[in-house]
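Please open the model in a viewer and keep the sequence panel at hand. The stops below are meant to be selected in turn.

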Amino acid sequence: MDKVNRILRLFHSLIQGQKLNKADFAKSNNISERSVDRDLEDIRYYLSEIHSNAEVLFNKSENAYYLSGWSNYKFSSIEVITILKVLIGSKVLRKDEMQGIMRSVRMMLDPTARREAVNSVYAEVDNYISPVHGKAILKMLEDLNRVISKRLKIDLHYIKGNGEQVTKRVLPLIFIFSDFYFYLIAFIDGSGYKYPAFFRIDRIESFNVTDEQYSEELHKTYNAGKMRKCLQFMYAGELLNVKVRCKKQAEESFKDRLPNHWLIKDEGEYKVYGARVFGEGFVKWALSQGGNMEILEPQQLRERMKDELEKMYGLYVKV
């Protein structure tokens, strides 16, 4: 083995978190221990040249060299396990995409931590069930991210929830994840809408990129990053200030779901909160809270809740 390949092998072992015994490495590579010393000095010099915090150190008790500080640039085993557990629980990706992510992420770990991570999630990934839509998501997200970064308008070929196929020219702003699905948030070109529309990524059949770029002024009047806290409910509608009365049972769910909330009044058993939301999606979520939460304002949302509750009631009193 020539010197270049030998140093690369040595460096690769160190960055994988392995402990290096000089005598063993010299014997396995048919070189002298003096050559190993020179190789280690070359690695030290390289680390200093790139201003790395990592150092090649010697542990006397183990009679071995190791790389200190390099782990700052790597995931820990529990971080990888946590990421994979969250992805598995989200059920957002197809099984083959989940398996691909697991293979990629685990390679960022040293061999021991890699085995620990794989053993912790292997059974869950192996028994993972793909979402019903069965669509590959990652490539679509990659393509959308590219046109978003260039602020290019696209012609979106989309299948609505009722199966209707539509084509719309849109100004894509951002994509986000919410409740099992990724959504593209975009303005419909020429619609004059004050607020954007939401398109489920898995329902996008395809899109064509135009050479028409939309203005940065859009981000000044509607900054998707700053308004992320308002986008918990992926339904179009007017952006509203709401006032709700929550029982303790619903308080935690409300606060987690709407991090932009503010406390208006503490009534003991109940607390009154305000929040800024897109009304259509908020009504659908509020229905799931049953009698633990009451919408106080605005009046049109109270009326909408009453209408939905009457429809639900009608389903259960039919003879």
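## An aromatic cluster as the starting point

Select Phe175, Phe177 and Phe182, which together form one aromatic cluster. Please keep in mind throughout that the model is predicted. The structure as a whole holds eight aromatic pairs, and a further one is visited at a later stop.

## The five-stranded sheet

Display next strand 4, residues 165-178, and strand 5, residues 181-188; these two pair in the antiparallel sense over eight bridges. To follow the register, select Leu171, whose bridge partner in strand 5 is Phe187.

Now extend the selection to the whole sheet. Five strands form this open sheet in the order 6-5-4-3-7, with antiparallel pairing. Its edges are strand 6 (197-200) and strand 7 (204-213), each of which pairs on one side only. Neighbouring strands here are turned against each other by 50° on average, direction ignored.

Add helix 7, residues 138-150. This helix lies across strand 3, strand 4, strand 5 and strand 7, and runs at about 20° to strand 7. Arg151 occupies the loop between helix 7 and strand 3 (152-159). The phi angle of Arg151 is near 55°, a positive value in a residue other than glycine.

## The largest nonpolar core

Which residues touch the most other members of the largest nonpolar core? Select Leu93, Leu144, Leu156, Leu184, Phe199, Ile201 and Ile204: of the 37 residues in this core, these hold that position. Centre the view on Ile204 and show its surroundings. Leaving aside residues up to four places away in sequence, Ile204 touches Met140, Leu144, Leu156, His157, Tyr158 and Leu184.

Another core lies apart from this one; it has 17 residues, among them Val242, Phe254, Val277 and Phe282.

## The four-stranded sheet

Move to the second sheet of this tour. Four strands form an open sheet in the order 9-10-8-11, and the pairing is antiparallel. Strand 9 (262-266) and strand 11 (293-297) are the edge strands, each pairing on one side only. From one strand to the next, the twist averages 30°.

Select strand 9 together with strand 10, residues 270-278: four bridges join these two strands, which run antiparallel. Within this pair, Leu263 has Tyr273 of strand 10 as its bridge partner.

Two helices should now be added. Helix 9, residues 248-257, packs on the sheet and touches strand 8 (239-247), strand 10 and strand 11. The direction of helix 9 makes about 150° with that of strand 8. Helix 11, residues 299-316, also packs on the sheet, touching strand 8 and strand 11, and its direction makes about 140° with that of strand 11.

In the loop between strand 11 and helix 11, select Pro298. The peptide bond that joins Glu297 and Pro298 is cis, with omega at about 0°.

Return to strand 10 and select Phe278. Is Phe278 buried or exposed? Its relative accessibility is 0%, so Phe278 counts as buried; the limit for that class is under 20%. For a sense of distance, draw a line from the C-alpha atom of Phe278 to that of Met107: the two residues are 171 apart in sequence and 41 Å apart in space.

## A ring pair in helix 10

Display helix 10, residues 279-287, and select Phe282 and Trp285, which lie three residues apart, about one turn of the helix. Both Phe282 and Trp285 are buried. A pair of aromatic rings is described by the distance of the centres and the angle of the planes. How far apart are the ring centres of Phe282 and Trp285? They are 5.9 Å apart, and the planes stand at 40°, so the pair is tilted.

## Charges over rings, and a last loop

Two further selections show a charged end over a ring. The charged end of Arg200 sits over the ring of Tyr181, 3.6 Å from the ring centre. At Lys19, the charged end sits over the ring of Tyr66, at 5.8 Å from the centre of that ring.

Finish at Asn30, in the loop between helix 2 (22-28) and helix 3 (33-49). Phi of Asn30 is near 55°, a positive value in a residue other than glycine. Asn30 has a relative accessible area of 73% and is therefore exposed, the limit for exposed residues being over 50%.

Technical notes: Residues are numbered from 1 along each chain as its sequence is written. This is a predicted model: local features need pLDDT of at least 70, side-chain atom pairs count only at pLDDT 80 or more; totals for chains, interfaces and linings use all residues. Side-chain values use heavy atoms; hydrogens and water are left out. Two strands pair if DSSP finds at least two bridges between them. Axes are lines fitted to C-alpha atoms, for helices over the stretch in contact, and angles run from 0 to 180 degrees between N-to-C directions. Contact means heavy atoms within 4.5 Å. Rings of Phe, Tyr and Trp (its six-membered ring) pair if their centres lie within 6.5 Å; planes under 30 degrees apart count as stacked, over 60 as edge-to-face and the rest as tilted. Buried means under 20% relative accessible area, exposed over 50%, partly exposed in between (1.4 Å probe, protein chains only). A charge sits over a ring if NZ of Lys or CZ of Arg is within 6 Å of the ring centre and within 35 degrees of the ring normal. A nonpolar core is a set of buried Ala, Val, Leu, Ile, Met, Phe, Trp, Tyr and Cys residues joined through side-chain atoms within 4.5 Å.
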